[in-house]
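Student: Could you take me through the packing in this model, starting from its main nonpolar core? I'd like a close look at who touches whom.

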Amino acid sequence: MPFYGFKGGIHPDYNKTATAGKAVEVLPVKEGGHYFIPLAQHIGAPAKALVKKGQEVKAGELIGKSAGFISANIHASVSGKVVGLQNIPHPVAGKVPGVVIEAAGDQDDIMPVEEGEKFQDTVLNAGIVGLGGATFPTNVKLSPPKEVDTLIINGAECEPYLTCDHRLMLENAEEILKGALTIQKELGINYLIIAIEENKPDALEVFSKLGENYEFELVPLEVKYPQGGEKQLIKATVDRVVPEGALPLEVGVIVHNVGTCVAVYDAIEKKKPLIERLVTVTGAVGEPKNLLVRIGTPVSEIIEHCGGFPEGVRKVVMGGPMMGFAIPSLDTPMMKGTSGLIAFRESDMPNLKQTNCIRCGRCVDVCPMGLIPAIMDRYVVKEMYEELADWHVMNCIECGCCSFDCPSRRNLASGFKTSKREVMKILKAREAEAKK
């Protein structure tokens with residue numbers, strides 16, 4: 001399989017060495033500990049709570065019911081008693097409704113997933129969402145309304161610092177592959193591609209050996225951010241371009257993260273719901289680790305397990321440093337989409353003082369979507385959303401390449417992201433006008 005690549009992108013310091021060689025550890029459930037489980041851990045409507053305060057629940061029990069087409073089920077991540085139905089800190093939404101469970105202790109017994117009539121129903125029952133960070137409900141993605149011929153498994157993990165997908169590929173490669181093969185079989189997809197960046201030669205070797213027993217194509221990817229972006233990955237591996245505003249299935253492709261494949265495997269083969277996930281904890285912490293953590297575990301407990309902070313920590317980012325979010329409180333819980341926790345000291349932080357654009361064009365060179373961020377920034381500053389819509393801001397994937405490479409430290413990606421809501425209103429109004 002050839003590698004086609006994509007235009008743009010950047011080469012930041014990857015800073016993965018602190019955890020890349022560390023095997024996954026399981027963070028024990030803390031007896032008497034409180035687990036804060038948000039009912040909104042996915043794109044779409046929050047799940048509807050099914051439990052009451054004082055109720056005893058088992059790990060794996062359904063506590064939040066999917067509340068719409070783009071929604072996901074939520075399960076108790078630990079056994080214990082419901083001690084609260086309250087708002088819970090969230091890195092993006094501020095606070096969201098959630099369920100607080102006081103754990104009865106570390107228990108292996110997990111309530112099994114109810115098997116559905118269709119494969120997609122079982123995935124829905126298991127509460128699986130995309131674990132690469134997008135958190136799109138997986139059962140919806142596995143129900144394409146048109147024919148798909150290629151399934152790409154995303155093992156790029158191009159975000160700096162993060163290594164949890166890398167460790168998953170080393171320690172659970174066969175489960176990843178079996179999950180992918182299940183998806184391929186259920187959807188009748190012709191081609192299966194495993195795509196991994198070349199800075200993970202050990203993972204490439206593991207999958208190369210598995211190729212002796214399973215049928216798939218292994219594609220080594222150039223080490224470049226955002227190589228793991230869905231549209232960039234499709235262009236790099238099968239040389240297809242997803243049209244503006246369209247989904248990958250428009251070009252006959254579905255993309256799933258390696259962690260999502262394991263979750264699908266667990267749901268189908270083990271009847272296990274999504275109640276835990278891998279996370280990389282790194283940066284300014286006592287001992288960086290890759291941990292398997294129950295959903296709802298407060299960040300403070302995860303950090304404590306990793307030796308705590310040294311003096312001078314200024315910011316903790318949930319996710320990768322390019323697309324993650326600074327969390328407002330260490331009470332923020334682990335969620336399904338949490339791939340990393342990165343602590344930064346004052347000395348780690350770049351100088352973010354903005355100056356005027358110098359028209360150097362570097363943001364244009366690195367944009368992987370072929371946009372003109374320098375001009376779009378002028379419209380953001382002046383709140384000229386009609387013009388911003390015409391410059392295709394909705395096609396921005398918010399990867400942050402433009403902001404990273406800007407010598408004037410313009411806060412480009414953040415401006416585009418916050419402007420999209422207004423631009424969306426304009427585009428809907430235009431669409432409605434066109435239908436008259």
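Tutor: Happy to; what follows goes from the core to the helices around it, and then to a second group of helices.

Please keep in mind that this is a predicted model. As background, nonpolar side chains in soluble globular proteins tend to be buried together. Here the largest nonpolar core has 40 residues, and the members that touch the most others are Leu151, Ile153, Ile176 and Phe207. At least two core residues come from each of α2 (119-125), β9 (150-155), α4 (164-171), α5 (173-187), β10 (191-197), α6 (201-210) and α8 (258-269). The biggest contribution to this core is that of α8, with 7 residues.

Let's begin with Ile153. Setting aside neighbours within four places in sequence, Ile153 is in contact with Ile176, Ala180, Leu192, Ile193, Ile194, Ala195, His256, Val258 and Cys261. One name in that list, His256, deserves its own visit. His256 belongs to strand β12, which covers residues 253-257. Is His256 buried or exposed? Its relative accessibility is 3%, so His256 counts as buried. Again leaving out neighbours within four places in sequence, His256 is in contact with Thr138, Lys141, Leu142, Leu151, Ile152, Ile153, Asn154, Ile183 and Cys261. Cys261 therefore appears in the contact list of Ile153 as well as in that of His256.

Next, find Ile196, which sits in strand β10. Ile196 has a relative accessible area of 0%, so this residue is buried. Not counting residues up to four places away in sequence, Ile196 touches Gly155, Ala156, Met169, Ala203, Leu204, Phe207, Leu218, Val219, Pro220 and Leu221. Along the chain, Ile196 and Ser208 are 12 residues apart, and their C-alpha atoms are separated by 11 Å.

Now to the helices. Two packed helices are described by the angle between their axes and the distance between the axes. For α5 and α6, the axes come within 10 Å and cross at roughly 55 degrees. At that angle α5 is oblique to α6, because it falls outside the parallel, perpendicular and antiparallel ranges. The crossing of α5 with α6 is right-handed. On the α5 side, the residues that meet α6 are Ala173, Glu174, Ile176 and Leu177, and their partners in α6 are Val206, Phe207 and Leu210. By class, the residues of this contact are 6 nonpolar, no polar and 1 charged.

Helix α6 also packs with α4. The axes of α4 and α6 come within 9 Å, with a crossing angle of roughly 35 degrees. This crossing is left-handed. From α4 come His166, Met169 and Leu170, while α6 brings Asp202, Ala203, Val206 and Phe207. These residues divide into 5 nonpolar, 1 polar and 1 charged. Helix α4 is mostly covered, with 6 of its 8 residues buried. Those buried residues of α4 are Cys164, Asp165, His166, Arg167, Leu168 and Met169. To tie these pieces together, Phe207 meets α5, takes part in the contact with α4 and touches Ile196.

Finally, turn to another pair, α11 (residues 373-381) and α14 (residues 412-435). Their axes are 10 Å apart, and the packing angle is about 55 degrees. The two helices are therefore oblique to each other, and their crossing is left-handed. Pro373, Met376, Asp377 and Val380 of α11 meet Leu412, Gly415, Phe416 and Ser419 of α14. This contact has 5 nonpolar, 2 polar and 1 charged residues.

Which residues of α11 are buried? They are Pro373, Ala374, Met376, Asp377, Tyr379 and Val380. These buried residues pack against α10 (362-366), α12 (385-390), α13 and α14. Just after α11, Glu383 takes a positive phi of about 55 degrees.

Helix α13 (residues 401-405) holds Phe404. With 38% relative accessibility, Phe404 counts as partly exposed. Phe404 touches Ile10, Pro12, Met322 and Arg409, leaving out residues up to four places away in sequence. Phe404 and Arg421 are 17 residues apart along the chain, and their C-alpha atoms are separated by 23 Å.

Technical notes:
Residues are numbered from 1 along each chain as its sequence is written. This is a predicted model: local features need pLDDT of at least 70, side-chain atom pairs count only at pLDDT 80 or more; totals for chains, interfaces and linings use all residues. Side-chain values use heavy atoms; hydrogens and water are left out. A nonpolar core is a set of buried Ala, Val, Leu, Ile, Met, Phe, Trp, Tyr and Cys residues joined through side-chain atoms within 4.5 Å. Buried means under 20% relative accessible area, exposed over 50%, partly exposed in between (1.4 Å probe, protein chains only). Helices (H or I, at least four residues) and strands (E, at least two) are DSSP runs, numbered from the N terminus. Contact means heavy atoms within 4.5 Å. Axes are lines fitted to C-alpha atoms, for helices over the stretch in contact, and angles run from 0 to 180 degrees between N-to-C directions. Angles under 35 degrees count as roughly parallel, over 145 as roughly antiparallel, 65 to 115 as roughly perpendicular and the rest as oblique. A crossing is left-handed if the near helix is turned anticlockwise from the far one by less than a right angle, and right-handed if clockwise. Ala, Val, Leu, Ile, Met, Phe, Trp, Tyr, Cys and Pro count as nonpolar, Asp, Glu, Lys and Arg as charged, and the others, Gly among them, as polar.
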